[in-house]
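Student: I am new to this structure and would like to learn how its strands and helices are read. Could you take me through them step by step?

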Amino acid sequence: MALSFRFWRLNLLPKPSLSQLQTTLKALKPLKQKLSPICSLPMSSSSLNPLNSHLSISKNPTFSESHSPTACPQDDLVVLGIETSCDDTAAAVVRGNGEILSQVVSSQADLLAQYGGVAPKMAEEAHLQVIDQVVQEALDKAKLTERNLSAIAVTIGPGLGLCLRVGVRKARKIAGSFNLPIIGVHHMEAHALVARLNERELQFPFMALLISGGHNLLILARDLGQYIQLGTTIDDAIGEAYDKTAKWLGLDLRRSGGPAIEELAREGDAKSIKFSTPMKQHKDCNFSYAGLKTQVRLAIESKNINATIPISSASSEDRRTRADIAASFQRVAVLHLEERCERAIEWALKIEPSVKYLVVSGGVASNQYVRARLDQVVQRNSLRLVCPPPSLCTDNGVMVAWTGIENFCMGRFDPPPPADEPEDIVYDLRPRWPLGEEYAEGRSEARSMKTARIHPSLTSMIQASSQQQP
């Protein structure tokens with residue numbers, strides 16, 4: 001197995017002006033490379049390894065400055081985004097002005113239904129089978145070839161390591177073959193920033209609640225790459241709780257658990273079963289859904305529900321019982337979100353009184369009940385709720401491409417990888433990669449960040465890199 005022992009420091013570039021970026025893009029058009037060489041560093045635990053790192057950092061970032069999403073040199077910039085962090089293979093082509101030229105997603109819904117969740121090895125094989133087709137279709141729909149691209153953006157974490165590797169390998173192969181800069185993207189940052197593509201008034205600072213099958217995250221986004229973690233899950237995420245509840249109720253998982261529960265819950269009485277709201281005694285913004293899952297499982301067992309009988313074949317009485325459980329679960333699961341968001345808004349306004357928006361993104365943000373309840377929370381606090389369209393809430397290539405564009409415009413990108421890079425090279429993947437630094441009041445005694453972290457947070461990496469610049 002080929003393993004590179006060369007560790008690189010991020011290429012530190014001053015924050016580019018509009019004219020500088022236009023010059024860079026013109027140079028990239030014919031040459032596809034006019035980038036400074038990156039300097040080697042001794043290998044250490046604190047070194048950043050751009051076998052696929054989060055790329056170069058502006059020299060003197062001004063964290064209080066609000067950056068407009070339209071500040072890039074618009075039409076000259078065309079980025080291909082690739083996403084394979086979990087169970088969807090996605091690619092998209094996006095212009096610097098936010099125009100989506102194409103979007104392609106290959107779902108693994110049948111595998112999810114077969115295994116009752118994500119099986120990492122099976123998911124990796126599914127990605128390998130379709131990645132070439134998905135990327136090519138994205139280019140074809142955009143009526144472009146690789147030679148028309150300005151850069152490649154790809155998710156490098158967090159996510160399933162086996163799945164991340166598929167997307168990174170494909171991105172580096174294209175970037176190396178066509179001499180393109182490459183941008184490593186944080187999956188959760190992409191979920192937060194995609195809202196800026198659709199909502200052009202969304203400026204920093206803003207709050208974001210990122211909710212999906214694997215993540216529950218409350219952040220204060222002070223600037224691009226500068227995030228404060230107000231709360232996170234200490235065990236399971238809300239999407240995981242939805243999926244397990246749907247499985248135990250015998251629902252069709254090909255649509256994923258969230259939509260199936262939401263649909264069935266409309267038929268039920270949300271107050272028929274008294275589930276306890278998680279973590280009522282903890283006055284922080286962290287989440288826990290493991291206990292609620294246990295409550296649901298015990299309720300299902302007490303009602304003698306047989307999950308092997310699909311909901312479509314259930315008797316009317318059995319269906320009504322399942323609907324009551326679904327509705328009661330959903331009410332408490334979302335109530336937990338509401339309570340945490342209320343406190344997080346209070347904390348965020350202490351730090352940044354100018355906050356006006358709460359972004360809710362991630363797969364669970366497609367749920368209309370979730371949106372309606374959180375809209376009431378923000379209205380009570382004189383904020384505005386911003387949710388991307390459902391197609392941009394679930395994992396997609398558009399959010400990766402757009403995050404790549406925002407970082408490219410700040411000078412955060414790597415030069416093209418070697419065209420002859422070995423197939424078995426070990427990449428710098430980041431399955432566990434925190435987005436921001438923990439807010440002091442938000443630290444949970446129930447969760448050890450020392451054991452949970454493998455990589456430093458994206459924010460701390462950016463700050464450390466800027467400090468290294470003389």
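Student: In what order do the five strands of the open sheet lie?

Tutor: Strands of a sheet pair through backbone hydrogen bonds, either parallel or antiparallel. Here the open sheet of five strands follows the order β5-β4-β3-β6-β7, and its pairing is mixed. Its edge strands, each paired on one side only, are β5 (100-107) and β7 (182-186). Helices (H or I, at least four residues) and strands (E, at least two) are DSSP runs numbered from the N terminus, and two strands pair if DSSP finds at least two bridges between them.

This is a predicted model, in which local features need pLDDT of at least 70 and side-chain atom pairs count only at pLDDT 80 or more, while totals for chains, interfaces and linings use all residues. Residues are numbered from 1 along each chain as its sequence is written, and side-chain values use heavy atoms, with hydrogens and water left out.

Student: How many bridges join β6 to β7?

Tutor: Five bridges join β6 (residues 151-157) to β7, and the two strands run parallel; G157 stands opposite H186 in β7.

Student: Which residues of α9 meet α10?

Tutor: Contact means heavy atoms within 4.5 Å, and in this case L292, V296, A299 and I300 in α9 meet I325, F329, V332 and A333 in α10. The residues of this contact divide into eight nonpolar, no polar and no charged, where Ala, Val, Leu, Ile, Met, Phe, Trp, Tyr, Cys and Pro count as nonpolar, Asp, Glu, Lys and Arg as charged, and the others, Gly among them, as polar.
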